Amino acid sequence: MSITMHDVAARAGVSIKTVSNVVNDYPHVSDATRSKVERAIAELGYRPNLSARSLRSGRSGVISLIIPDLRNAYFAELADAVMRQARARGLSVLIEQVAGGRDVELEILRGPRMQLVDGILYSPLSLDRDDSALLPDGPMVILGEQLFDGDRDHVTMANVDGARAATEHLLAQGRRRIVALGTDPHDTLGPAALRLQGYREALEAAGIPADPAYVSTVVSWHRSDGANAMREVIAAGLPFDGVVAFNDAMALGAMRVLQDAGLRIPDDVAIIGFDDLDETRYALPTLSTVDIGREEIAERAVELLIERIAAPGQPEAPRAIVSGFRVVPRESTGSLTARGQGPGAAPSTL
């Protein structure tokens with residue numbers, strides 16, 4: 001039997017109008033009344049008619065998360081964090097991935113499915129500043145660097161500072177010949193370029209010349225790309241004692257190649273990643289990394305988007321938020337002493 005709003009009203013001892021006010025989150029309901037109605041809803045298992053609710057409010061209660069590639073564990077874990085933050089605020093999330101190239105990215109952004117959502121969280125892959133005019137109208141928050149002109153809010157991580165701190169961590173362990181793994185010659189504004197900048201700044205501050213031979217180009221950021229790049233570094237006969245990988249997936253691929261080559265981690269080569277993926281805690285050895293505040297990124301991005309949805313067309317200036325970060329030392333660098341950096345820094349846990 002289908003549970004109706006009338007059933008909820010009868011159970012809670014209130015009017016149907018009061019139940020409707022609670023379901024639609026109208027503000028003028030006392031806390032005691034709201035609690036009674038919510039308890040009745042939970043006890044009866046009532047599910048509101050979302051279609052009717054959408055027609056009344058003009059909103060669907062759904063937001064979209066557009067990300068490059070769910071095969072990349074960082075984006076999978078980011079999607080999980082966004083879904084949990086959205087669910088806590090009564091929203092559902094439609095996930096799209098744009099790994100198919102520029103045309104696919106534009107098709108998704110401007111396609112009919114995006115007309116059905118209240119707002120968009122968007123992590124660009126192929127588009128850049130010249131494409132600002134191609135973005136759809138409506139509430140949108142950019143995840144990553146501010147690549148687009150206009151009034152788009154964006155939430156990003158401390159790419160430069162995080163990579164600098166990761167490199168400094170290796171330098172503090174006495175490493176002097178450090179490979180940067182993950183640069184992209186086509187990336188001049190995104191994470192690869194910014195993390196390379198942080199790496200170079202740390203070397204410069206330590207009085208070590210930045211040798212281009214120690215910069216390894218990787219176009220994609222998967223485990224196999226890190227493994228292939230590490231094979232090339234070893235084959236080139238380059239003497240090195242440290243690796244800063246620009247994400248954890250590449251670091252994990254590189255670790256396997258280092259071990260296959262008979263190099264001991266961290267005795268011969270210390271390695272640190274970036275992102276603090278869950279699996280870094282269970283690698284052998286455990287992988288040192290940079291926690292870039294993924295939960296904070298998800299929370300702030302959802303909050304900003306909800307604010308934009310609630311006040312569409314407001315001329316408020318775009319807001320830029322950079323999450324806090326911390327270096328998480330583990331076995332791959334031979335140190336287990338955490339170093340907090342930025343807001344929200346916390347002790348390390350394995």
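**Two helix pairs and how they cross**

Q: At what angle do the axes of helix 5 and helix 11 cross?
A: This is a predicted model, where local features need pLDDT of at least 70, side-chain atom pairs count only at pLDDT 80 or more, and totals for chains, interfaces and linings use all residues. Residues are numbered from 1 along each chain as its sequence is written, and side-chain values use heavy atoms, with hydrogens and water left out. Axes are lines fitted to C-alpha atoms, for helices over the stretch in contact, and angles run from 0 to 180 degrees between N-to-C directions. Helix 5 (residues 73–88) and helix 11 (residues 294–310) have axes that come within 9 Å and cross at roughly 45°.

Q: Which orientation class fits helix 5 and helix 11?
A: Angles under 35 degrees count as roughly parallel, over 145 as roughly antiparallel, 65 to 115 as roughly perpendicular and the rest as oblique. With the axes crossing at roughly 45°, helix 5 and helix 11 are therefore oblique.

Q: Which residues of helix 11 make the contact with helix 5?
A: Contact means heavy atoms within 4.5 Å. Helix 5 brings Tyr74, Glu77, Leu78, Ala81, Val82, Arg84, Gln85 and Ala86. Helix 11 answers with Arg294, Glu295, Ile297, Ala298, Glu299 and Val302.

Q: Which orientation class fits helix 1 and helix 3?
A: Helix 1 (residues 5–12) and helix 3 (residues 31–44) pack with axes 9 Å apart, at an angle of about 120°. Helix 1 and helix 3 are therefore oblique.

Definitions and conventions. Helix = DSSP H or I, 4+ residues; strand = E, 2+ residues; numbered from the N terminus.
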